[in-house]
Amino acid sequence: MTLTKKSDGIYTDESSIDALHQIDAVIFDCDGVLIDIAKSYDLAIIKTTKYILETFAKINNTIDVNFQIIDGFKSSGGFNDEVDLTYAAIISLFAANKLQKDPSTFILDVIKNSDSTGIESVEKYLENLTDISEMKNQLSYPGSHHENILYQNFDQIFYGPQLYQKLFGKPSKFNSPGLIEQDDVILNALLLEKLQNKFDSKIAMVTGRGKESVRYSLKELLQKFNLKNSAFLEDESRDLAKPNPKSLLNSIGGMNSLCTLYVGDSMEDFIMAKKATDLGYKTVFCGIIGTSKNPQEKLELFERNGAILVLDSINLLPKVLNLE
């Protein structure tokens with residue numbers, strides 16, 4: 001499919017655009033869509049990777065994870081979970097150090113060999129090159145948020161001492177404010193009002209983030225969503241993680257939607273929406289690219305995979321859906 005620039009920030013496939021007239025419900029991803037996470041979750045990936053490598057592997061001279069690496073892993077379709085991505089970066093840079101390879105070049109090779117199976121594909125690729133069992137055994141990842149060492153460090157850095165204590169019932173070893181404070185909320189009450197005027201209560205969320213984390217950043221805006229038919233996958237078992245479409249199907253079915261718009265910013269989101277359609281639940285994917293460090297690259301990625309609608313921001317939805 002070919003995307004045409006309809007107007008500033010709006011890209012559509014003209015041959016398929018009639019599907020937008022059939023939409024009767026909207027379901028959102030959160031991170032990168034409702035909230036810009038460049039200074040929160042993305043920075044938590046960078047800081048946690050550095051801390052673990054220095055503390056557990058005594059590697060002090062490797063590269064910092066950058067946004068090219070983060071976007072690269074996410075583009076594979078297997079890294080909707082930021083802690084999975086952190087783990088992949090850690091074991092990749094550990095292997096690079098062990099093999100005495102240039103870490104910048106090496107980790108890009110790892111990304112090229114990763115796929116929608118996520119950390120499984122990364123472990124498989126690395127284990128064919130070197131022994132990474134020392135790092136794997138120290139981290140014992142994934143495990144649970146409450147008990148696993150990597151989750152604990154990531155969550156403490158992200159949530160900060162007060163919120164971490166509230167959510168997990170134990171103290172953080174870090175004193176710095178949580179990076180969640182740097183969440184940049186894009187969603188606003190006016191946009192929700194326009195959506196509610198058309199879709200009423202058929203506005204939900206299927207996100208990899210936990211419910212209390214979403215509530216902390218969106219505050220009263222969260223109550224405007226159909227929470228009964230929303231899913232907060234960090235609170236669920238790992239087998240429900242994107243791109244597993246089960247939670248999306250539950251949301252669609254719960255709202256009795258015949259044609260749903262799913263608004264996301266990643267390949268996992270795209271794959272999940274496509275799987276829902278393949279299973280008989282018509283779902284139009286809307287890709288958001290404005291929060292990416294390389295919007296043009298993200299646009300091309302969605303176009304190559306057959307997306308029919310890509311926007312710079314959710315604030316363009318009223319224009320696309322004729323809500324203004």
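**Exercise 1.** In this predicted model, decide whether isoleucine 157 is buried or exposed.

*Solution.* Start with the relative accessible area of isoleucine 157, which is 12%. Buried means under 20%, so isoleucine 157 counts as buried. Next, place the residue: isoleucine 157 belongs to helix α7, which spans residues 149–168. Finally, look at what surrounds the residue. Leaving aside residues up to four places away in sequence, isoleucine 157 touches Ala44, Lys47, Thr48, Phe174, Gly178 and Leu179.

**Exercise 2.** Find out which residues make the contact between helices α1 and α3, and how the two helices cross.

*Solution.* Begin with the geometry. The axes of α1 (residues 41–56) and α3 (residues 82–99) come within 9 Å and cross at roughly 35 degrees. The crossing is right-handed. Now list the partners: α1 brings Tyr41, Ile45, Thr48, Thr49, Ile52 and Leu53, while α3 brings Glu82, Leu85, Thr86, Ala89, Ile90, Leu93 and Phe94. Sorted by class, this contact has nine nonpolar, three polar and one charged residues.

**Exercise 3.** Classify the aromatic pair of tyrosine 51 and phenylalanine 174, and say where in the chain its two members lie.

*Solution.* A pair of aromatic rings is described by the distance of the centres and the angle of the planes. The structure holds 13 such pairs. For tyrosine 51 and phenylalanine 174, the centres are 5.2 Å apart and the planes make an angle of 80 degrees. Planes over 60 degrees apart count as edge-to-face, so this pair is edge-to-face. Tyrosine 51 is in helix α1, and phenylalanine 174 is in the loop between α7 and β5; the two are 123 residues apart. To round this off, check the accessibility of tyrosine 51: at 24%, this residue counts as partly exposed.

**Exercise 4.** Which lysines sit over aromatic rings in the pairs with tyrosine 216 and phenylalanine 67?

*Solution.* Take the rings one at a time. Over the face of tyrosine 216 lies lysine 219, at 5.7 Å from the ring centre. Over the ring of phenylalanine 67 sits the charged end of lysine 293, 4.8 Å from the centre.

**Exercise 5.** Work out which residues of helix α10 are buried and what they pack against.

*Solution.* Helix α10 covers residues 246–254, and its buried residues are Ser247, Leu248, Leu249, Ser251 and Ile252. Follow these residues outward: they pack against the strands β3, β6, β7, β8 and β9 and against helix α11. Then step past the helix end, where asparagine 256, just after α10, takes a positive phi of about 50 degrees.

Methods:
Residues numbered from 1 in each chain as written. Predicted model: local features only at pLDDT ≥ 70, side-chain atom pairs only at ≥ 80, totals over all residues. Heavy atoms only, no water. Helix = DSSP H or I, 4+ residues; strand = E, 2+ residues; numbered from the N terminus. Buried < 20%, exposed > 50% of the residue type's maximum accessible area, 1.4 Å probe, protein only. Contact = heavy atoms within 4.5 Å. Axes fitted to C-alpha atoms, helices over the stretch in contact; angles between N-to-C directions. Left-handed = near helix turned anticlockwise from the far one by under 90°. Nonpolar A, V, L, I, M, F, W, Y, C, P; charged D, E, K, R; others polar. Phe/Tyr/Trp six-rings, centres within 6.5 Å; stacked < 30°, edge-to-face > 60°. Lys NZ or Arg CZ within 6 Å of the ring centre and 35° of its normal.
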